[in-house]
Amino acid sequence: MEKSNRYSVEYEWGNVIYYQEVEAMTIHEAREYVQHTKVNAAIRAVHVIEDVES
C-alpha cells in the first residue's frame with residue numbers, strides 16, 4: 001500500500017495567485033506536478049492538507 005499526501009500548492013502564474021490541490025508522495029513531487037502543468041508558474045508555498053492511503 002502506497003502512502004501519499006494531499007497538498008495545497010500556492011503558485012503565481014500570469015500575475016495571479018492560484019491554489020491547486022495535488023495528491024503526491026512528497027512535497028517535491030507536488031511542486032513538480034504543478035511546475036509541469038503550468039510551465040512558467042512561480043511556486044510560492046506547499047502545504048500538507050491531509051495524509052491519504054491508497
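**An exposed loop residue and the fold around it**

With a relative accessibility of 72%, N15 counts as exposed, because that value is over 50%. The model discussed here is a predicted one, and N15 is a friendly place to enter it. This residue sits in the loop that links strand 1 to strand 2. Its backbone deserves a look too: N15 is not a glycine, yet its phi is positive, at about 65 degrees. Most residues other than glycine have a negative phi. In the turn, G14 likewise has a positive phi of about 65 degrees.

The turn belongs to a hairpin made by strand 1 and strand 2, with two residues between them. The two strands run antiparallel and are joined by nine bridges. One residue of the pairing can be picked out by name: E10 has Y19 as its bridge partner in strand 2.

With the hairpin in view, the rest of the chain can be added. The protein chain holds one helix and three strands, and their order along the sequence is β-β-α-β. The chain is as compact as a globular protein of its length, because its radius of gyration is 11 Å and the globule rule gives a close 10 Å for 54 residues. Along the principal axes, the C-alpha atoms fill a box of roughly 40 × 20 × 10 Å. Of the 54 residues, 31% are buried. The accessible surface of the chain amounts to about 3,800 Å², and carbon and sulfur atoms account for 48% of that area. Among contacts in the chain with a separation of 6 or more, 52% are between residues 24 or more positions apart.

How confident is the predictor in this picture, and where is confidence highest and lowest? The mean pLDDT of the protein chain is 90, and 91% of the residues reach 70 or more. Strand 2 has the highest confidence, with a mean of 95, while strand 3 has the lowest, with a mean of 88.

Attention now turns to the interior. The largest nonpolar core contains 10 residues: Y7, V9, Y11, V22, A24, A30, V34, A41, I43 and V46. At least two of these residues come from each of strand 1 (3–13), strand 2 (16–24), helix 1 (27–37) and strand 3 (42–53). Strand 1 makes the greatest contribution, giving three residues to the core.

Two core residues show how these parts meet. Apart from neighbours within four places in sequence, V9 is in contact with Y18, Y19, Q20, V22, A30, V34, I43, A45 and V46. The last of these, V46, is found in strand 3. V46 counts as buried because its relative accessibility is 18%, and the limit for a buried residue is under 20%. Leaving out the same range of sequence neighbours, V46 is in contact with Y7, S8, V9, I27, A30 and R31. Between V46 and H28, which are 18 residues apart along the chain, the C-alpha atoms are separated by 9.1 Å.

What does V48, another residue of strand 3, have in contact once neighbours within four places are set aside? The residues in contact with V48 are N5, R6 and Y7. A further distance places V48 in relation to K38: these residues are 10 apart along the chain, and their C-alpha atoms are separated by 20 Å.

Helix 1 offers its own example in Y33. Is Y33 buried, partly exposed or exposed? Its relative accessibility is 45%, so Y33 counts as partly exposed. Beyond the neighbours within four places in sequence, Y33 is in contact with Q20 and V22. V9 is 24 residues away from Y33 in sequence, with 9.7 Å between their C-alpha atoms.

The loop between strand 2 and helix 1 contains M25. At a relative accessibility of 37%, M25 is also counted as partly exposed. M25 and I49 are 24 residues apart along the chain, and a distance of 13 Å separates their C-alpha atoms.

Terms used: Residues are numbered from 1 along each chain as its sequence is written. This is a predicted model: local features need pLDDT of at least 70, side-chain atom pairs count only at pLDDT 80 or more; totals for chains, interfaces and linings use all residues. Side-chain values use heavy atoms; hydrogens and water are left out. A nonpolar core is a set of buried Ala, Val, Leu, Ile, Met, Phe, Trp, Tyr and Cys residues joined through side-chain atoms within 4.5 Å. Buried means under 20% relative accessible area, exposed over 50%, partly exposed in between (1.4 Å probe, protein chains only). Contact means heavy atoms within 4.5 Å. Two strands pair if DSSP finds at least two bridges between them. pLDDT is the predictor's confidence in each residue, from 0 to 100. The radius of gyration is taken over C-alpha atoms; the globule rule is 2.2 Å times the number of residues to the power 0.38. Accessible areas come from the Shrake-Rupley method with a 1.4 Å probe; for residues, only the protein chains shown count as cover.
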